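Please open the structure in a viewer and keep the sequence beside it. The tour below proceeds by selections, each followed by an account of what is found there.

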Amino acid sequence: MGSRWRKAKLALGLNLCVYVPKTLDDASPSDYPSGTSSDAAAVSPASGASDFRALMPSTPTPTLSGLRLYKSGSRSSKKTCAICLASMKPGNGHALFTAECSHTFHFHCIAANVKHGNHVCPVCRAKWKEVPFGGPPSSEYPHGRARVNPVHWPQDDGYVNVLRRLPRVESLNRQHHLTPLFHSSEPIVFNDDESLGSLSETAKETQHGCMRTVEIKTYPEFSAIQQSDSEENFTILIHLKAPLAPRTQPCGGNPHGSTNLSKTSRASVDLVTVLDVSGSMGGTKLALLKRAMGFVIQNLGPSDRLSVIAFSSSARRLFPLRRMSESGRQQAVQAVNLLTSGGGTNIAEGLRKGAKVIEDRKEKNPVCSIILLSDGQDTYMVTPTSGGAQPTQPDYRSLVPSSIRGGTGYQIPVHVFGFGADHDSESMHSISETSGGTFSFIETEGAIQDAFAQCIGGLLSVVVQEMRVGVECVHPNVHLGSIKSGGYGNQVRDDGRSGSIDVGDLYADEGRDFLVSVDVPPACEETVLLKVSCAYRDPVSKETVNVEGVEVKISRPLIVVEQTMSIEVDRQRNRLLAAEAMAEARAAAERGELSEAVSILEERRRMLSESLAARSGDQLCLGLDAELREMQERMASRQRYEASGRAYVLSGLSSHSWQRATTRGDSTDSSLSQTYQTPSMVDMLQRSQTMSPASRHPNIQMRHAKSFPARPRPR
């Protein structure tokens, strides 16, 4: 019997091959075997190939090298975990598990696979009577068996055997049935979010909100108007500046260089990421997405909660809202690493499930947001708005669940990332606009992590919520005209004596600029035109903050000899004019009039160059000119516009509409990516670039990599 067993092991060892992921230091996209994705495993024994592939967790490394042969009893197999293929020497800080068949693995690797229903040895295919497990809730086991391995299992240096005896197969299927990712059962109500518990009580003691308040500044178009003159549509700039991020007290670090905070005065976040894992996301895309998610997970704090939704033809919640404590991070990384690609693209179902996580949660962190990434086009929900003979614009709003669309008192911003040349940028942009989020265009593979980093850098620094700006006329004969507020809703009362702007959330040190026009009557003395005030909620202290009103005054001399327009007003007027030109050029391009679109942009560039702010060397105007010039280049041909021009224009419009930083394709001008960036965004982006693949390997370019080729886009 022993001889037969040795022969069987030898035969299996000689025929068992797996693709071995290399580290990103040595990886390159050319290393992929033909037709192989980054998370695939090739196994020669036909009878066990599918099971073995299920046991192999996908790794976040973007490339794979050639085949490595493992022989039973060889030196390499004893020192290497057959699941993660990493070193397995005692003393490396990882617990090891020795199975009853004498094969050894990292404890956390084999426990994760056993949790997904795999009860055979990945090496010799022996069926185990006793299995390791990572401690699911005790309610999942019969007879109230308590958790054997707690979540905080000590990372000792030796070998461990933490076992649970398997019940009969029939009993197992009844009591704890485990099926593939997109088919396993889910609760009807997602109220199983991890409790904030004592953490929220501690936060009450350590978090005191922002010491500073929002700063309001106003700039009239001109500082003086002649006494006898009246002015219609006299422009006033309202500038708002959020306070700086509160200081934090570090208490340790994690292996990825981010700092864990035990005492923090920032607002905690509930974040739901909705990730496309359809067939087109295979290979390097999925590997880099996993790496980017690893960065997000490592940079969330223990008071932040994360839930991940994966979607293809259907959608699946990988895990409920879970605090990103040390154990929570480990479990989240394991879940993300198990993702594989395949199927269609059902964006609506992914968003529906993401919205449900937020709607059904028992407890709420102060800040809440959804991140959506997709590289394709929804093939399930997007239909024309009418059934006429002529096709009409698809109803993209139907992709966004009504509960988070806004207008219902419960708006959750969806920050959307369109990935590559084949995504439907119109639907992606519409989703972001409908929900109050931003739309970013990720043109090259390596930029996923940077794009996520910039976004979460803002989300982790929210200092103002539910801000509302009030504008009130002071002089009895002054009346409001229009309020230009971009994507932010505004109202002007019928009598023209007051108005308001709904600003919403602000990140630390983030600014907002709005142009208000008024009618100015003749007057013989200094005229107080407006009074501007605001109120908002501090997300940490939960208190309402009222900022005292600021008055807008102009002098009224008998004669005005000479005066200069406010550069601040001219700068913001240029920004609005540039955004209008982008929208007009896009409309022309969609009609097929690319030459007209290019002419619109060229004319607006000329007007900007002649403005006072541009002649003064204003950096915003220089950036606007560069942005318009790049849009012209991306509209040079229909092919170029379809591949990247449309998405580039829409990401720019999103950025200017919300005055918030977005990722804008593979721009060669760094000033474009810096528009609206806050210090927290810059800090997180630098952290990402310090550890990004491109900074360590020339084959994965972050800024100038070759963009994805475009497939014909259905119209």
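Select K353 and E186 first, and display their side chains: they meet in a salt bridge, with 2.8 Å from N to O. The model is a predicted one, and the distances quoted on this tour are computed from it. K353 lies in helix α9 (residues 347–360), while E186 lies in the loop between α5 (169–175) and α6 (197–206), so this pair ties together parts that are 167 residues apart in sequence. Are the two partners buried or exposed? K353 counts as buried, at 7% relative accessibility. E186 is partly exposed, with a relative accessible area of 24%.

Remain in helix α9 and select E349 and R352. Their side chains also meet in a salt bridge, again listed at 2.8 Å from N to O. These two residues are 3 residues apart in helix α9, and so are separated by about one helical turn. E349 is partly exposed, with a relative accessible area of 21%, and R352 is partly exposed as well, at 38%.

Next, select L351, which is found in helix α9. Is L351 buried or exposed? L351 counts as buried, because its relative accessibility is 1% and the cut-off for buried is under 20%. Which residues should be displayed around L351? Apart from its neighbours within four places in sequence, L351 is in contact with V274, I370, L372, L399, P401, V414 and I431. Add V272 to the selection: between the C-alpha atoms of L351 and V272 there are 9.7 Å in space, and the two residues are 79 residues apart in sequence.

Move now to helix α18 (residues 679–690), and select R687 and D683, which both lie there, 4 residues apart, about one turn of the helix. R687 forms a salt bridge with D683, and the closest N and O atoms are 3.3 Å apart. R687 is partly exposed, with a relative accessible area of 25%; D683 is partly exposed too, with 40%. A further selection shows a network: E426, R586, E590, R638, E642 and R646 are joined into one by salt bridges that share partners. How many salt bridges are counted in the model? The count comes to 35.

The tour continues with a sheet. Select β20, β21, β18, β23 and β24: these 5 strands, in that order, form an open sheet with antiparallel pairing. The edge strands are β20 (490–492) and β24, each of which pairs on one side only. From one strand to the next, the twist averages 20 degrees. At the β20 edge, display strand β21 (residues 498–507) as well: 3 bridges join it to β20, and the two run antiparallel. Within this pairing, N490 stands opposite I501 in β21.

Two backbone positions complete the tour. Most residues other than glycine have a negative phi. Select K542, in the loop between β23 (527–537) and β24 (544–554). K542 has a positive phi of about 65 degrees, although it is not a glycine. Finally, select N233, which lies in strand β9 (residues 231–241). What is the phi of N233? It is near 55 degrees, a positive value in a residue other than glycine.

Conventions:
Residues numbered from 1 in each chain as written. Predicted model: local features only at pLDDT ≥ 70, side-chain atom pairs only at ≥ 80, totals over all residues. Heavy atoms only, no water. Salt bridge = Lys/Arg side-chain N within 4 Å of Asp/Glu carboxyl O. Buried < 20%, exposed > 50% of the residue type's maximum accessible area, 1.4 Å probe, protein only. Pairing = 2+ DSSP bridges. Axes fitted to C-alpha atoms, helices over the stretch in contact; angles between N-to-C directions. Contact = heavy atoms within 4.5 Å.
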